[in-house]
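Trainee: I'm new to this one and would like a close look at a single part, the place where two helices cross beside a pocket. Could you take me through that, and then through whatever else helps me find my way around?

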Amino acid sequence: MSPSRAHSTGPASTAGPDVGARTLRVVLPLLVLLGALLRFYRLGEQSFWVDEILTLQAANIGESLGFRDVFTNIQGPLHALLIHFIAKLSTSEVALRSLSAVAGAGTIPLIYLLGRDMAGRRTGLVAATLFAMSPFSIWYSQEVRNYSFLILLSTVSTLAAWRIIARGDRAWVLYVVSVTLGLYSNLSAAFLWLAHTIFGVGRLMRDRRLWRWVGACLVIAALVVPLFLGLTRWVEVDGVAERVVVAPLAAEDELVRGATTFSPMAVPYSVFTMLYGFGLGPSSYELHTDSPLGAFLRYLWLVVPAGLVAAAGFLLGFRWLWRKGEAGRLVASVVIIPFVAAALLALLNIKPFNVRYVAVMLPVVIVTLSAGVVSLPMRRGAWLWVAVALFSLVSLRNHYFVPAYAREDIRGAARYVSENERPGDIVLVPVVRDVFTFYFDGQAEHFVLYRGQTGSAEAVERVLDERTDGFRRLWFVDSRLWHMDAARRTPSVLEERYEKLDTRSFSGATVSLYALD
């Protein structure tokens, strides 16, 4: 397939006029600037949360980072290595999150190239516009995690795979490098690697180029051998019972998740979240403390129209790309394979399902939705784009300004306790202890309750009596308590036994002070 055919947008009566090169030279840099502004805006406003602290721990902040530390890092060695060196300059939220923000903004022109190569310049430009304001991308561009990197490298590898398979280009080095770096960023890049292979095997066999693809895959496999050798300590079977360290007093039945962690609701939720982020509909707190169905029913008036708009755009785009041939098959492979792989891991109870584990398909999802916009007559396509953009802006507004959709403000909670503690105080910090410790600069001792210790009010009382003996006041940081005390026995016991002296609310967290005498 020649480049001119690859960039064709189809019949002019359907897709409308193409975009001129002069327009692109003006608009595309503006979109990158817009995307950068949205990603750096209020970058340090929110506190680090639990998963970000995991990254900082994996990066050995303030300590040495050896070869073994890098290659045994299940959190993603490439990103952790970069964070380790950035932290030598600053450990502020802005500094550590800036790497993700740069990666997110840098993905915008790559999304344009992917959309252009698959369906024409107009599709590429619409895709770049939607990605620049993507709430899902902005969320992970403002987080010290590897997912913004993963999305960038997924875009590069999918672009290279398309050019190799559909156009016969010699983008082999680009593909090998991007897939390898993707695997060193996050292991879910393997899902995308498999999807590319399944998409291309037929065409590569017909063109007698399959041996080259196999050779590239072998090179990738060789390059990631150090990573997989380092991670074997996490997956060894022999003697695993002797090597696993269990949290003290955690009940055995609390160490499993049940028969499975996958729900059929994950399918529509993942697509909806990938397009609109976490700021549209029920918040994370509502989803964890209420039934998911009940939480969504309260936002039915918003979720249904937003979902219908997204579904209509995606299905229109998929139909249009399917008629083009290989573009539709690429979409099917990149969407279905990662999703099935992540769902299978959850069904087997190996790893809980989360939409971020299928983030590798975001670039293709955005391109497909954009193809749906372009496939319509100009006026209808404009209305569809405006609808998606409006729902995205509502999500961004909630992300930036509505505390219910923000990360838990453990930074504010830790500072409040630090400023108001006295000798003889002790702090109870379940779930978010590591985040609290990162921010806390006071002197008070702090401890946690584990899930196996909250099975009854009597069990909670026993732990409190043991840990608070000799102290005069108890601070309690209540945040994400659903992880270890869904019945909320701990705050109930505290309210019944002790006099409350003070309480202070933060985004996603409440700090209470009790007199122990």
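Mentor: Before we start, a word on how helix angles work here: axes are lines fitted to C-alpha atoms, for helices over the stretch in contact, and angles run from 0 to 180 degrees between N-to-C directions. Keep in mind, too, that this is a predicted model.

Now to your crossing. Helix 16 and helix 19 pack with their axes 10 Å apart, at an angle of about 85°. Angles of 65 to 115 degrees count as roughly perpendicular, so that is the label for helix 16 and helix 19. On the helix 16 side, the contact is made by F272, L275 and Y276. Helix 19 brings V303, A306, G307, V309 and A310 to that contact. Sort the residues of this contact by type and you get 7 nonpolar, 1 polar and no charged.

Next, the pocket. The second largest pocket holds about 380 Å³ of space. It has 17 lining residues, and the closest to its centre are P268, Y269, F272, V303 and G307. You've met some of these already: F272, V303 and G307 are also named in the contact between helix 16 and helix 19. Three elements give two or more residues each to the lining: helix 16 (266-276), helix 18 (292-298) and helix 19 (300-324). Helix 19 supplies the largest share, with 8 residues. As for the character of that lining, 16 residues are nonpolar and 1 is polar, while none is charged.

That's the part you asked for. Let's move on to some other spots, starting with single residues inside helices.

Take N398, which sits in helix 22 (residues 378-401). Its relative accessible area is 7%. Buried means under 20%, so N398 is buried. Setting aside neighbours within four places in sequence, N398 is in contact with G279 and Y405.

L130 is another one to click on, and you'll find it in helix 8 (residues 121-132). With 7% relative accessibility, L130 counts as buried too. Leave out residues up to four places away in sequence, and L130 touches I366, L369, S370, W385 and V388. You can also check L130 against I108: they are 22 residues apart in sequence, and their C-alpha atoms are 9.2 Å apart in space.

Just ahead of helix 8 there's G120, in the loop between helix 7 and helix 8. G120 is buried, and its relative accessible area is 0%. From the C-alpha of G120 to that of P77, 43 residues away along the chain, the separation is 36 Å.

Compare that with another loop residue, R209, placed between helix 12 (189-206) and helix 13 (210-223). R209 and I165 are 44 residues apart along the chain, and their C-alpha atoms are separated by 8.9 Å. R209 touches I164, I165, G168, R203 and L204, again without counting residues up to four places away in sequence. At 11% relative accessible area, R209 is buried.

Now for a whole helix that is mostly covered. Helix 23 spans residues 410-420, and 8 of its 11 residues are buried. Those buried residues are I410, R411, G412, A413, A414, Y416, V417 and S418. What covers them includes two helices, helix 7 (93-119) and helix 24 (433-439). Strands take part as well, among them strand 1 (425-428), strand 3, strand 4 (499-506) and strand 5 (509-515).

Strand 3 takes us to the last stop, the loop between strand 3 (473-478) and helix 26 (489-497), where R480 is found. R488 lies in that loop as well. What makes this pair worth a look is the backbone. Most residues other than glycine have a negative phi. Yet R480 has a positive phi, near 50°, and R488 has one of about 55°. The two arginines part ways on exposure: R480 counts as buried at 12% relative accessibility, whereas R488 is partly exposed at 33%.

If you go back to the start with all this in mind, begin again where helix 16 and helix 19 meet, roughly perpendicular to each other, and then look at the pocket lining to which helix 19 gives 8 residues.

Note on methods: Residues numbered from 1 in each chain as written. Predicted model: local features only at pLDDT ≥ 70, side-chain atom pairs only at ≥ 80, totals over all residues. Heavy atoms only, no water. 1 Å grid on protein atoms, 1.4 Å probe; cavity = no way out; pocket = protein on both sides within 12 Å on 5 of 7 lines; lining within 4 Å. Points joined across faces, edges and corners; volume = space filled by probe spheres on them. Helix = DSSP H or I, 4+ residues; strand = E, 2+ residues; numbered from the N terminus. Nonpolar A, V, L, I, M, F, W, Y, C, P; charged D, E, K, R; others polar. Buried < 20%, exposed > 50% of the residue type's maximum accessible area, 1.4 Å probe, protein only. Contact = heavy atoms within 4.5 Å. Parallel < 35°, antiparallel > 145°, perpendicular 65-115°, else oblique.
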